[in-house]
Structure formats: structure tokens, C-alpha cells
Amino acid sequence: MSKHVNWSGVFPAVTTQFNSDFSVNLEATHKVISNLVRDGVSGLVVCGSVGENTSLTIEEKMAVTEVAKDASGGRVPVICGIAEFTSAGACKVAQAVERVGVDGIMVMPALVYSSKPHETAEHFRTVARSTDLPVMVYNNPPIYKNDVTPDILISLADCENVVCFKDSSGDTRRFIDVRNEVGDRFILFAGLDDVVLESIAVGAQGWISGMSNVFPKEGETIFRLATAGRFAEAMPIYEWLMPILHLDARPDLVQCIKLCEEIAGRGSALTRPPRLALQGADREHVERIMAKALANRPQLPDVGL
């Protein structure tokens with residue numbers, strides 16, 4: 001038994017926009033989100049890794065969530081990321097954004113502490129018990145150092161409001177392992193941009209995407225083509241976008257994504273310290289592959305956007 005949600009398609013992990021003094025620019029954030037919804041994305045994730053969650057206060061997280069709810073206008077679901085040091089802290093944020101009216105939460109393992117599997121599972125259970133919201137379990141072991149393995153996820157099958165699993169490990173076999181054990185109990189979401197086509201091929205129903213902030217129509221087109229089994233049409237677009245998608249797998253992915261947004265005219269490259277602007281060869285690499293991508297933008301087939 002689980003809560004029913006209709007989460008599928010591309011959910012950009014949206015960026016939080018800042019002023020020059022590093023205060024949150026809610027107006028610019030609203031514009032970024034409104035443009036994504038206009039371009040046909042299927043949902044929104046605010047205050048995720050790309051949204052610089054750990055750089056925001058709880059009041060700022062609530063404000064960004066309110067902006068997203070307003071910009072979405074009820075047209076697409078809004079999910080808020082939960083990334084805290086303690087289970088109690090995660091519960092507090094979950095309850096705060098529930099009051100704002102989000103459609104769900106994306107919960108990361110407790111930060112910094114490298115928990116044992118039963119501790120990781122208990123963290124998710126504790127947060128799920130604290131709210132009526134649907135919960136997406138988020139696994140990103142390269143960044144957060146705690147691996148939510150298929151066994152850990154499967155152990156949460158009795159938690160009614162744990163409904164979805166976002167995997168950024170890059171190991172698409174995990175989706176098959178989960179489905180072999182518990183069938184379609186969890187909605188499966190790809191979380192790493194440069195394995196999305198492979199993830200869809202083995203059953204992912206959604207994609208939390210970094211680079212769909214920059215190329216939302218292309219991302220949604222790739223997703224819809226692959227979901228429809230039209231892989232021959234999806235592959236040339238996927239191959240064109242792959243150098244950009246690789247940036248989502250870097251430790252400095254936020255700076256990369258925001259720089260790409262700025263180059264594309266979709267947002268500001270400014271990040272909160274300790275994240276600093278890309279410089280030298282790193283910046284030149286991003287600028288070079290963005291220039292090539294924009295110069296060779298493919299004609300997109302009709303997928304109903």
C-alpha cells in the first residue's frame with residue numbers, strides 16, 4: 001500500500017537565483033521557473049543539490065518553495081529537497097514546506113555522517129513519519145557519501161508515503177534489482193543526466209535533471225521519445241547533448257549548470273560561497289561545449305510539447 005502520485009517526465013532541479021550580495025533573488029527565481037514551465041517541463045524540484053539547498057536558511061527554502069508554487073500555477077507538481085545534518089532537522093524542514101503546500105519532498109540521507117544501512121533507512125522512516133507528503137528517496141553516493149542501496153530502499157516498502165526513488169549512482173542495474181524484489185512499488189527516477197536514456201530503457205518513469213534547466217525542450221523531447229520506444233529518434237539528440245550532460249556528474253555541477261544557464265540567457269551564474277565561479281580551463285571548457293551545442297541545436301520531432 002502506498003500513496004498514489006502521478007510523477008513522470010522531466011523535473012528540472014531548478015537553480016536558486018541570487019543578487020550580487022548573495023541574498024536570494026526571488027523575482028529572478030520566479031522568472032527562471034516560469035520559463036521552464038512555459039517550455040513544457042513535467043515538474044519542478046526546488047532546493048535540491050542544484051538549488052544550493054545547504055546554502056539556504058529554512059526561511060529562504062520556504063520562500064523559494066512559495067515562489068515555485070506561484071510560478072507553477074498548479075500546472076506541474078512542485079517537490080522540495082530536504083538536505084539536513086540530523087533527522088530532527090529534516091523533519092522540521094519537511095513540516096515547514098508542507099505548510100507552504102508543496103506536492104512532495106525529495107529527502108537526502110543525513111549529511112556529513114556516513115551512516116550504516118539501518119541508520120540510513122531509519123532517517124528516511126523518521127522524515128516520512130513526520131509528514132503526510134509523498135516522499136522521494138534521493139540517492140547520490142558520489143556527493144553525499146551514503147549509498148541508498150536497493151536493499152535499503154526495499155526495506156522501506158512498508159512506509160506508505162515513500163513513493164519514489166531517485167538514483168544518481170549511475171548504476172542503472174539498481175532499477176532492475178528493485179523491480180525484481182518489489183515490482184512497481186516505487187516510481188523510479190533517473191538522477192544523473194548522462195545515463196538518462198539507459199535509465200528509461202530499464203524502467204525509469206521520470207528524470208530529475210540538472211541540464212534541463214538550460215535545454216528544457218530538448219530534455220523533455222529526449223525523455224518522451226525514449227519512453228515511447230523511439231530510441232532511434234532520441235539518440236541523435238542525446239549524442240548532441242551528451243557533452244553538456246556530462247557536466248551534471250562533476251563536483252562543481254552547480255557552477256557548470258548556472259554558467260550554462262547564463263550563456264543561454266536563462267539565469268545568472270552567481271553561486272553562494274563556498275561555491276565560486278568557474279575560472280580558467282574549467283570555464284573555457286563549459287563555454288566551448290555550450291557554444292558548440294548552441295551552434296548545432298537539432299530540429300526536434302513533435303512529442304506534444
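A residue counts as buried when its relative accessible area is under 20%, as exposed when that area is over 50%, and as partly exposed in between. With that scale in hand, the reader can follow several residues of this structure, which is a predicted model.

A good place to begin is the pair Glu-84 and Lys-61, whose side chains meet in a salt bridge with a distance of 2.6 Å from N to O. Glu-84 sits in the loop between strand S3 (78-82) and helix H3 (87-100), while Lys-61 belongs to helix H2 (residues 58-72), so the salt bridge ties together parts that are 23 residues apart in sequence. Glu-84 has a relative accessible area of 16% and is therefore buried, and Lys-61, with a relative accessible area of 4%, is buried as well.

This pair belongs to a wider set, since a search of the whole structure finds 17 salt bridges. Another of them lies within helix H9 (residues 216-227), where Glu-220 and Arg-224 are four residues apart and thus separated by about one helical turn. The closest N and O atoms of Glu-220 and Arg-224 are 3.2 Å apart. Glu-220 is buried, with a relative accessible area of 1%, whereas Arg-224, at 27% relative accessibility, counts as partly exposed. Elsewhere, salt bridges that share partners join Asp-147, Asp-171, Arg-173 and Arg-174 into one network. Within this network, Asp-171 forms a salt bridge with Arg-174, and their closest N and O atoms are 3.9 Å apart. Asp-171 is partly exposed at a relative accessible area of 21%, while Arg-174 is buried at 12%.

Asp-171 also leads to the next feature, because it is one of the residues that line the largest cavity, along with others including Asp-167, Thr-172, Phe-175, Leu-192 and Ser-199. About 50 Å³ of space lies in this largest cavity, and the residues of its lining divide into four nonpolar, four polar and two charged. The search of the whole structure finds two cavities of 30 Å³ or more. The second largest cavity has a volume of about 40 Å³, and Gln-255, Leu-259, Ala-269, Ala-277, Leu-278 and Arg-283 line it. By class, the lining of the second largest cavity has four nonpolar residues, one polar and one charged.

From the cavities we turn to the nonpolar interior. The largest nonpolar core has 102 residues, and those with the most contacts inside it are Trp-7, Ile-33, Leu-44, Val-46 and Ile-105. Helix H10 (residues 231-245) gives the largest share of this core, namely eight residues. For a closer view of one core residue, take Ile-33: once its neighbours within four places in sequence are left aside, Ile-33 is in contact with Val-14, Leu-44, Val-46, Val-67, Ala-68 and Ala-71. Two of these partners, Leu-44 and Val-46, are themselves named with Ile-33 among the core residues that have the most contacts.

Helix H10 is also the place of Pro-243. Pro-243 has a relative accessible area of 37%, so it is partly exposed. Pro-243 and Arg-38 are 205 residues apart in sequence, and their C-alpha atoms are 25 Å apart in space.

How values were computed: Residues are numbered from 1 along each chain as its sequence is written. This is a predicted model: local features need pLDDT of at least 70, side-chain atom pairs count only at pLDDT 80 or more; totals for chains, interfaces and linings use all residues. Side-chain values use heavy atoms; hydrogens and water are left out. On a 1 Å grid over the protein atoms alone, a cavity is a set of points where a 1.4 Å probe fits but cannot get out, and a pocket is an open set with protein on both sides within 12 Å along at least five of seven lines; lining residues have an atom within 4 Å of a point. Grid points are joined across faces, edges and corners, and a volume is the space filled by probe spheres set on the points. Ala, Val, Leu, Ile, Met, Phe, Trp, Tyr, Cys and Pro count as nonpolar, Asp, Glu, Lys and Arg as charged, and the others, Gly among them, as polar. A salt bridge is a side-chain nitrogen of Lys or Arg within 4 Å of a carboxyl oxygen of Asp or Glu. Helices (H or I, at least four residues) and strands (E, at least two) are DSSP runs, numbered from the N terminus. Buried means under 20% relative accessible area, exposed over 50%, partly exposed in between (1.4 Å probe, protein chains only). A nonpolar core is a set of buried Ala, Val, Leu, Ile, Met, Phe, Trp, Tyr and Cys residues joined through side-chain atoms within 4.5 Å. Contact means heavy atoms within 4.5 Å.
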